[in-house]
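Visitor: I'd like to zoom in on just one part of this protein. Pick a loop, please, and walk me from there to whatever is worth seeing around it.

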Amino acid sequence: MTMAWQVIVDKDKCTGCGECVDVCPVSVYELKGGKSEPVNEDECIGCESCVEACPVEAITVKEA
């Protein structure tokens, strides 16, 4: 059984820098309208690379 992860991007904090897009090994994120959008949340493996890469702490990853 695979773990399900919930990916939350705080749109108020997100600056659209794209760090999460670049660092995510399974392409969970895309930039849409200048903000990060978790478009492939089902692919998330819970590694939290995006959490560590985000300079404004706009991303939360937790078990769904």
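Guide: Let's start at T15, which touches G34 and V56 once you skip residues up to four places away in sequence. Keep in mind that you're looking at a predicted model. T15 sits in the loop between β1 and α1. T15 counts as exposed because its relative accessibility is 53%, and the cut-off for that word is over 50%.

From T15, hop over to the hairpin. β2 and β3 make up this hairpin, with 2 residues between them. The two strands run antiparallel and are joined by 4 bridges. Find L31 and look across: S36 in β3 stands opposite. In the turn you'll meet G33, whose phi is positive at about 60°.

That sign is a handy thing to check elsewhere. Most residues other than glycine have a negative phi. S27 isn't a glycine, yet its phi is positive, near 55°. You'll find S27 in the loop between α1 (19-23) and β2 (29-32). S27 is partly exposed, because its relative accessible area of 46% falls between the 20% and 50% cut-offs. E48 is another non-glycine with a positive phi, in this case about 65°. Its home is the loop between β3 (35-38) and α2 (49-53). With a relative accessible area of 32%, E48 is partly exposed too.

Now stay with S36 for a moment, since it leads us to an empty space inside. S36 is one of the residues nearest the centre of the largest cavity, along with C14, C17, C20 and C54. In total 13 residues line this cavity, and its volume is about 70 Å³. Sorted by class, that lining has 8 nonpolar, 4 polar and 1 charged residues.

There's a second hole to visit, as the count comes to 2 cavities of 30 Å³ or more. The second largest cavity holds about 60 Å³ of space. Its lining has 13 residues, and C24, V28, C44, C47 and C50 lie nearest the centre. By class, this lining is made of 10 nonpolar, 2 polar and 1 charged residues.

Pick out C44 from that list, because it helps us into the nonpolar core: C44 is among the residues that touch the most other members of the largest nonpolar core. V28, Y29, C50, I59 and V61 share that distinction, in a core of 14 residues. β1 (5-9) and β4 (59-63) each supply at least two residues of this core. The largest share comes from β1, with 3 residues.

What does C44 itself touch, leaving aside neighbours within four places in sequence? Its contacts are W5, V7, V26, V28 and V61. So how far have we come from T15, where we began? Count along the chain and T15 and C44 are 29 residues apart. In space, their C-alpha atoms are 21 Å apart.

To retrace the walk: we set out from an exposed loop residue, T15, crossed the antiparallel pair of β2 and β3, looked into 2 cavities, and finished at C44 in the largest nonpolar core.

Methods: Residues are numbered from 1 along each chain as its sequence is written. This is a predicted model: local features need pLDDT of at least 70, side-chain atom pairs count only at pLDDT 80 or more; totals for chains, interfaces and linings use all residues. Side-chain values use heavy atoms; hydrogens and water are left out. Buried means under 20% relative accessible area, exposed over 50%, partly exposed in between (1.4 Å probe, protein chains only). On a 1 Å grid over the protein atoms alone, a cavity is a set of points where a 1.4 Å probe fits but cannot get out, and a pocket is an open set with protein on both sides within 12 Å along at least five of seven lines; lining residues have an atom within 4 Å of a point. Grid points are joined across faces, edges and corners, and a volume is the space filled by probe spheres set on the points. Ala, Val, Leu, Ile, Met, Phe, Trp, Tyr, Cys and Pro count as nonpolar, Asp, Glu, Lys and Arg as charged, and the others, Gly among them, as polar. Two strands pair if DSSP finds at least two bridges between them. A nonpolar core is a set of buried Ala, Val, Leu, Ile, Met, Phe, Trp, Tyr and Cys residues joined through side-chain atoms within 4.5 Å. Contact means heavy atoms within 4.5 Å.
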